[in-house]
Amino acid sequence: MRQKKDVPLRATAAVAITKLSRSAGTDALVVSVVTSKHSVDQDLVELMKGILMEEMKDSSLDAVEGLAYMSVEPFVKEDLSKDSPFLKKLFSFIPTGRRTSSTPSDASNHSLIYGILNIIHYLSVYRPPLSPDQEQVMKLRRMAKPGATSSRGPEEQISDILEDDPHVRERGRNLVKNGALNVLATALRLADSDGVRLTVGRILLNLSVDKENRGKILQSGGARTLGEIIRKALSANQSEVDVSILEPIQALTKLAITSSPTQVFGPDSGAVYDAIRPFTILLTHPDSSLLQRFEAIMALTNLSSHGIEAAGRVAQADGLLTKIEFLMLEDHVLIRRAATELICNLVAGSDSVYKRYSDGNAAKSRLHVLVALSDVEDLPTRLAASGALASLTSSPDTCRSLYDLERDHRRILSILTTRIDPSFGSDEPHINASPDPGMVHRGVVCIRNLFINLEPTLRERLKEESDLTGILNVLIAVTEGNAEKPEILQPTAEALKCLMELGLVP
C-alpha cells in the first residue's frame, strides 16, 4: 500500500488492510503491526479519497469499497461529511439527468453504486437508542476485554459524542446540501436490486428524521422513490411482509405527517389511497416498533382528513380498527392520543365507523372508552375523544347507550359537564382552572345532543334519577361568558331550552 508507482495495487492493498483490520480476532495482529490504528485509518481514508478525487477509474471501485468499510467509524463519518468537494465528486459517479442513459449498467457499475449508497447510509444513520438491558450488555462486553474497565475510555467517549443526534443531523444536512438526494432515484434505475432498494429506503429514512430535510426530499422526488420501493417489495411478497420493508414505509410516513397528502402523493387521489395499505402494514406488523406504530397512526390520520372517500378506505383497511382501538388503551400518552385522534377523524368521515360506535351492544363499550378518554389529563386526547362524542351524539342510538351507561355508572353526565366547567362536582373547586374553549364547545354539543335526541320518556327518567340543576347552572354560566362565540352559544341555548322544558329552574 505504501508504494506509489502502482495505484491500482495500492487501492487493492488498502481494501485488503481495511477488511483484515476489521475482522474478528485480528486486533492483536493490527496492534503489533502499527503504532496507532487511528493514524493508519486516516492514511487509508486519505488514500482512497485521493483516488476518487483524481478519477482513477481502474481503482475507483476499490476506493469506494474501502471507504464503505471505513465509514462505520465515527471520525471517518465526520471527515467525509465535512469534505464538500469530496462528496460532490463521490456523487458524480452516479450520473443524473442526460448522462444517465449513456451509462453502462454492468456488474462493476452496480457495485460502485451500491458502495456509494452504503457510504451515504453510514454517514446519515442515527445510533439506535439502547434499552437499560442493552446498556448493561455493552458494559459487560467492555469489561470482558483484557485490561478494560466498566467505564468508557477516551476513544469511546469521543465516538459517543460524534454519534449523538446533533452530529448525525449535521452530517445529514451536509449530504443533502452536496447533492445526495439527487442520486437516489438514479441509483434505483441504474442498479435496481433488493439491496439497492433497501439501502435507498434506509437513507431516506435517516435523512427524513430531520424535519428540515423533508421538504427537500419531496422536491427531489423522494416520495415517488419510496413509493416505488414499497410497491415492488409488497408485490414480491404477497403472502408475508418482510420486516425490511418497514423502514422505507416509515420514511414515507414521516413525509406524510408533516405535509398534506397532495404535497406528498400529488393530485392523483389513487396515489393517496395506495398509501393506506403500507401505512396499515407498518401499524399492524408484529415487528414494528412503538415509534413506527405512532408515526403510522399519525400518517393515517392525515390521510383520513383528505376526504370522505379516503376516510372510508382507511376504515376498511384489514385489521386497522381493531389495532387502533387496542392502542387507545395504551399507557404511552402519545400513542393513546394519536389513536384517539384517528378514531375521531374516522367517526366524522366514515359511515361504517360511525355505525360501529353508535349501533348495537358492542358500541356501548366503545362509547364508554371514549367517555373515559375524554376525562384523561392529556388535553389533546380529551379534545379528540370529546370531538368523537360530539359527532356520535347526533345519533339517538348513541344517546340511548349513554343513558344506559349513566344508569349503570352514574358518571357520564358528570364527565360531560366537567368538560364545560372543570370545577363541576368537585369538593375543592379549581379556582385557577380556566376551561379550554374547544372542550367547552364539545361539552355543550354533547349535552345538547343528549337531551334533544333522547326519547321524552327517557329524559323524564333522567330528570328523576339525576340532579340536573348543576348542569343547568353550568350552562347558564356558559351563556354569560361566551356571548361573542355563536358556535358555543347556540348549542348552549338549545340545551337550556330542553332542560327548562323538563321543569328545571336555576
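**Overall fold, nonpolar core and second largest pocket**

Of the 506 residues in the protein, 47% are buried (under 20% relative accessible area, 1.4 Å probe, protein chains only). The model is predicted, so local features need pLDDT of at least 70 and side-chain atom pairs count only at pLDDT 80 or more, whereas totals for chains, interfaces and linings use all residues. Residues are numbered from 1 along each chain as its sequence is written, and side-chain values use heavy atoms, with hydrogens and water left out.

The protein has 31 helices and zero strands, taken as DSSP runs (H or I, at least four residues, for helices; E, at least two, for strands) and numbered from the N terminus. Among contacts (heavy atoms within 4.5 Å) between residues at least 6 apart in sequence, 72% join residues at least 24 apart.

Turning to the interior, the largest nonpolar core contains 141 residues; such a core is a set of buried Ala, Val, Leu, Ile, Met, Phe, Trp, Tyr and Cys residues joined through side-chain atoms within 4.5 Å. Helix α22 (residues 333-349) gives the most to this core, namely eight residues. Phe279 and Leu320 have the most contacts inside the core. Beyond its neighbours within four places in sequence, Leu320 touches Thr280, Leu283, Leu300, Val314, Leu342 and Leu346.

What classes of residue make up the lining of the second largest pocket? This lining has seven nonpolar, five polar and seven charged residues, with Ala, Val, Leu, Ile, Met, Phe, Trp, Tyr, Cys and Pro counted as nonpolar, Asp, Glu, Lys and Arg as charged, and the others, Gly among them, as polar.

How values were computed
Buried means under 20% relative accessible area, exposed over 50%, partly exposed in between (1.4 Å probe, protein chains only).
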